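Welcome! Here are some short exercises to work through with the structure beside you, each followed by a solution in steps.

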Amino acid sequence: MAAKGLLQGMWALGGDTVCDRCGEVCHDIICKTPYLRFGISGVWYLQLFKTAAKSKISHLQSAFSPLRPSIMSSQDHALNLAIDEAMRVLQPLFPRPKLRSRLLSKPPFRFIHDIVFAIIQSTKFPNTGLFTDAELDSSTFKNNKEAKIDFLDKLIALVNASRESPVLVESRNIVAGAQPASTLNLLVAFGKLAQDDDIDHASLIQLTARTEMAEEESMVDGSSGGTKEDFDESKVSENDIVEEAKDDNLGEVCNSESLQSMSMTDAIARIIESASIIESLFTE
């Protein structure tokens, strides 16, 4: 109606039309003005309606926001805190690697290994008895998923052996880049442990080594003669987290047994975290 009135008014002012007021062709501005006035008023009211509708929709969206944004915002907040803590605690220990937010937000394994090696070089802990010379060489882990997991298992065991409350993180998830905040918490805990002179580091290393050995023996005794799953990473880049997540690690991230033991909020957050990885795989 508004658009029609405006067009009629504009057309009437510019051409020979039969006037509704006087019943004949005329060019009287008094006769043509109502059309134009009606058209302009209609457009103004239409624009006012659109503005009010947009405001109402925005209000409803904020009032009935879905659960995902709130969870993601809390995850982002936790990650930002972990990044700040990592920069504050770890960067003074070594000049390189530079702890930049872009890498810390989803640290690839090579970056994690460089940080651990830099901490060992700076603090001389652990100097011997835990990591082998091959494990301290980053080239050892190229195209070798199981070696990465074994290295991270040792690191997790060492850190948790010194803490009353363990760092809740899994090595497979670290390799897949699925728990960046927990990964940074692990590195910060290791950095603090390496600087703590009140802890008997030698005894801690021995305890960790014995624990690792016992776990390996239990795995051998409980196995049926099978070997570890082979994994081909010949096409995986060390600095590409998305490529590393293309393994079958998504099953680990969204394991049904682990989800059952979580609270509803933590379980939904874990599922959303897995969905983010899947989304990144299809948006390359």
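**Exercise 1. Find which elements the protein chain runs through from the N terminus on, and how many helices and strands there are.**

Solution. Begin at the N terminus of this predicted model and follow the chain: the elements run α-α-α-α-α-α-α-α-α-α-α-α-α. The secondary structure comes to 13 helices and zero strands. Next, look at burial: of the 284 residues in the protein chain, 36% are buried. Finally, take the contacts between residues at least 6 apart in sequence; 64% of them join residues at least 24 apart.

**Exercise 2. Work out how helix α5 and helix α8 are arranged: roughly parallel or roughly antiparallel?**

Solution. Step one is to locate the helices: α5 covers residues 109-123 and α8 covers residues 180-195. Step two is the geometry, where the two axes come within 10 Å and cross at roughly 10 degrees. Step three is to apply the cut-off: angles under 35 degrees count as roughly parallel, so α5 and α8 are roughly parallel to each other.

Now see which residues make the contact. From α5 come I112, I115, V116, I119, I120 and T123, while α8 gives T183, L187, F190, G191, A194 and Q195. Sorted by class, the contact has eight nonpolar and four polar residues, and no charged ones.

**Exercise 3. Decide whether I115 is buried or exposed, and list what I115 touches.**

Solution. Start with the place of I115, which is in helix α5. Its relative accessible area is 1%. Buried means under 20%, so I115 is buried. Then look for neighbours, leaving out residues up to four places away in sequence: I115 touches L90, F94, P97, L99 and L187. One further pair is worth finding in the view: I115 and Q91 are 24 residues apart in sequence, and their C-alpha atoms are 9.3 Å apart in space.

**Exercise 4. Find the peptide bonds to P97 and P126: are they cis or trans?**

Solution. P97, one of the residues that I115 touches, sits in the loop between α3 (67-90) and α4 (101-104). The bond from R96 to P97 has omega near 5 degrees and is cis. P126 is in the loop between α5 and α6 (145-161). The bond that joins F125 and P126 is also cis, with omega about -10 degrees. As background, most peptide bonds are trans.

**Exercise 5. Stay in the loop between α5 and α6, and find the phi of K124 and of N143.**

Solution. Keep in mind that most residues other than glycine have a negative phi. K124, in this loop, has a positive phi near 65 degrees. With a relative accessible area of 56%, K124 is exposed. N143 lies in that loop as well, and its phi is positive too, at about 60 degrees, although N143 is not a glycine. N143 is partly exposed, with a relative accessible area of 31%.

**Exercise 6. Count the cavities of 30 Å³ or more, and say what lines the second largest cavity.**

Solution. The count comes to two cavities of 30 Å³ or more. The second largest cavity holds about 30 Å³ of space. Its lining is formed by K106, P107, I112, N173, I174, G177, A178, Q179, P180 and T183. The elements that give two or more residues to this lining are α7 (171-176) and α8. By class, the lining residues divide into five nonpolar, four polar and one charged. To link back, I112 and T183 also take part in the contact of α5 with α8.

Definitions and conventions: Residues are numbered from 1 along each chain as its sequence is written. This is a predicted model: local features need pLDDT of at least 70, side-chain atom pairs count only at pLDDT 80 or more; totals for chains, interfaces and linings use all residues. Side-chain values use heavy atoms; hydrogens and water are left out. Axes are lines fitted to C-alpha atoms, for helices over the stretch in contact, and angles run from 0 to 180 degrees between N-to-C directions. Helices (H or I, at least four residues) and strands (E, at least two) are DSSP runs, numbered from the N terminus. Angles under 35 degrees count as roughly parallel, over 145 as roughly antiparallel, 65 to 115 as roughly perpendicular and the rest as oblique. Contact means heavy atoms within 4.5 Å. Ala, Val, Leu, Ile, Met, Phe, Trp, Tyr, Cys and Pro count as nonpolar, Asp, Glu, Lys and Arg as charged, and the others, Gly among them, as polar. On a 1 Å grid over the protein atoms alone, a cavity is a set of points where a 1.4 Å probe fits but cannot get out, and a pocket is an open set with protein on both sides within 12 Å along at least five of seven lines; lining residues have an atom within 4 Å of a point. Grid points are joined across faces, edges and corners, and a volume is the space filled by probe spheres set on the points. Buried means under 20% relative accessible area, exposed over 50%, partly exposed in between (1.4 Å probe, protein chains only).
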